Amino acid sequence: MIARVLTATVYGIDGIKIDVEVDITYGLPAFNIVGLPETSVKESKERVRSAIKNAGFEFPGDRITINLAPADVRKEGSSFDLPIAVGILAAMGALKNESLKDHLIAGELSLDGRVKAVRGILPVALLTRQEGIGTIIVPDGNGKEASIVRDIRVLGAGHLLEIFHYFKGEGELVLFKEDDREGPRPPAPDDVDFSDIRDQTQAKRALEVAAGGGHNIIMVGSPGSGKTMLSRCLPTILPVLGYAEAVETTKIHSIAGLLGPHRALIMKRPFRAPHHSISDAGLIGGGHVPRPGEVSLAHNGVLFLDEFPEFRRHVLDALRQPLEDGDVTISRVNNAITFPARFMLVAAMNPCPCGYFGDPKRACTCTGAQIYKYRSRISGPLLDRIDIHIEVPPVKIGELAADRYEEPSAAIQQRVARARTIQYQRFKRKTIHANAQMPARLIRKYCPLEAAAQAMLEAAVEKWALSPRAYHRILKVARTIADLDGVDGIGEAHVAEAIRYRALDKRLMM
């Protein structure tokens with residue numbers, strides 16, 4: 001007898017429907033899985049066998065063949081355990097094939113029959129809706145995650161027997177409703193806030209501009225000047241995640257297995273801060289079965305790279321594609337997988353190897369050659385892709401002890417949100433939604449300068465020998481500054497401030 005159960009596998013960040021076909025025939029005892037299964041899928045034979053026996057069923061002693069169709073798609077992961085077990089029960093005659101229709105099943109089995117949570121359930125649930133399948137059965141630990149998806153019925157199971165009794169009409173599974181989704185959470189009492197940062201007015205303003213247009217930024221300053229704290233405050237002034245952005249962000253974290261048990265929709269913008277010893281595969285993504293890297297985990301959020309020049313040169317140069325295109329393509333012999341990677345890059349570095357070049361109180365011990373070698377670790381093409389360069393001077397002790405009002409993140413976020421709303425309206429019929437994403441054609445259309453501002457910019461380009469890419473970056477930053485001011489035209493003041501944010505181009509610290 002042949003049984004058929006619907007399940008899915010994840011390819012990139014999307015789900016692919018898989019038919020689990022089970023055939024039990026007379027012959028020598030055998031248990032075979034075909035259809036390009038990876039090692040984790042092949043190992044499911046032993047988990048399924050033990051789970052069925054320990055659930056109280058007699059495992060068939062005949063020839064069992066499992067076909068995972070389509071056969072040309074590689075299958076990976078432990079989520080095939082549950083549909084294979086249910087398919088075997090149906091092929092044995094313990095369940096009716098008709099009862100399995102309009103159900104998609106995914107989950108891992110323990111040896112005693114318990115159903116364990118798996119990663120990548122959200123893309124599978126989205127596929128369930130896309131294919132018009134009415135119900136998805138998942139482990140209890142994945143129920144809230146799957147309930148993010150609207151217009152499908154999400155059922156959670158804790159044991160193989162619960163699913164058996166459900167299909168027999170003798171019991172019910174846990175129904176996860178859309179109301180179980182995790183909503184926006186209020187900030188925790190220990191969350192960072194711009195009001196906690198004393199002084200650093202220029203750096204705060206630069207971060208506001210960066211957030212207002214989605215611009216990348218690099219901060220240069222001596223150790224202890226506050227670069228890391230400023231960076232960690234940046235997500236607190238970014239616009240709140242919309243539903244579509246939140247689902248896309250959650251999909252990536254689900255595939256990477258970072259959601260944790262009973263977590264649902266991510267409503268807080270990601271902040272990723274990998275160590276400078278990270279490999280290019282860890283940063284960009286990769287592996288035998290490609291997984292998203294840090295740039296994709298930071299999608300719709302912030303990627304913070306501290307000690308920027310300490311990262312290996314080839315690792316930093318791998319950032320060029322995601323910074324330019326907003327996605328990462330990982331190519332293999334038989335396929336290529338694309339992960340989204342539209343993030344704000346925040347880089348921090350010291351002005352020299354010892355960290356005290358230009359410090360008013362501590363003398364620098366580095367030679368000119370050492371400083372040049374240190375800074376040359378960052379290639380010119382990569383630096384060109386960073387819109388804003390600023391210096392972060394040390395904070396005086398008197399400023400730290402002063403009891404004065406500092407503007408909170410909530411007030412800055414309101415201005416950022418207004419600027420982003422202007423940009424959403426400007427680009428509503430296009431595929432971009434922030435000034436930083438404008439190509440050259442849209443820069444010409446949306447960044448016209450007043451005559452005096454144009455003359456100022458041309459003089460700056462000539463004086464500091466700025467590249468065409470840097471010229472366009474200045475225009476985009478000036479557009480954002482004008483949006484923060486709520487004006488259509490870009491004037492001298494806007495261009496002057498944007499030019500001030502190209503510190504590394506102007507060699508102000510050499």
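Patches here are made of residues with over 30% relative accessible area and no salt bridge, with like charges joined within 9 Å. In this predicted model, one such positive patch sits on the surface, and its members are K428, R429, K430, R441, R444 and K445. Of these residues, K430 is found in the loop that links α17 (409-426) to α18 (440-446). K430 counts as partly exposed because its relative accessibility is 32%.

Turning to the strands, an open sheet is built from 5 of them, with parallel pairing and the order β12-β15-β18-β11-β19. The edges are taken by β12 (271-272) and β19 (388-391), each of which pairs on one side only. Working inward from the β19 edge, β11 (residues 217-220) pairs with β19 in the parallel sense over 4 bridges, and M219 has I390 of β19 as its bridge partner. Strand β11 also runs parallel to β18, to which it is joined by 4 bridges; here I218 stands opposite A347 of β18. Next along comes β15 (residues 302-305), paired with β18 in the parallel sense, again through 4 bridges. In that pairing, V302 has M344 of β18 as its bridge partner.

Strand β18 deserves a look of its own. All the residues of β18 (344-349), 6 of 6, are buried, so the strand is largely enclosed by the rest of the structure. In a regular strand, side chains alternate between the two faces of the sheet. In β18, M344, V346 and A348 point one way, while L345, A347 and M349 point the other way, and all are buried. The two bridge partners already named, M344 and A347, thus belong to opposite-pointing sets.

A few backbone details are worth picking out too. Most residues other than glycine have a negative phi, and most peptide bonds are trans. The bond between A69 and P70 is a cis peptide, with omega at about 5°; P70 lies in the loop between β4 (63-69) and α3 (81-92). As for phi, L36 is not a glycine, yet its phi is positive at about 55°. L36 is found in the loop between β3 (30-34) and α1 (39-42), and it is partly exposed, with a relative accessible area of 34%. Q200, also not a glycine, has a positive phi of about 55°. The loop that holds Q200 runs between β10 (174-176) and α7 (201-213). Q200 counts as buried because its relative accessibility is 5%, with the cut-off for buried set at under 20%.

Definitions and conventions. Residues numbered from 1 in each chain as written. Predicted model: local features only at pLDDT ≥ 70, side-chain atom pairs only at ≥ 80, totals over all residues. Heavy atoms only, no water. Patch = residues over 30% accessible without salt bridge, like charges linked within 9 Å, V, L, I, M, F, W, Y side chains within 5 Å. Areas by Shrake-Rupley, 256 points an atom, 1.4 Å probe, with all protein chains shown as cover. Salt bridge = Lys/Arg side-chain N within 4 Å of Asp/Glu carboxyl O. Lys, Arg positive; Asp, Glu negative; His and termini not counted. Charge placed at Lys NZ, Arg CZ, Asp CG, Glu CD. Buried < 20%, exposed > 50% of the residue type's maximum accessible area, 1.4 Å probe, protein only. Pairing = 2+ DSSP bridges.
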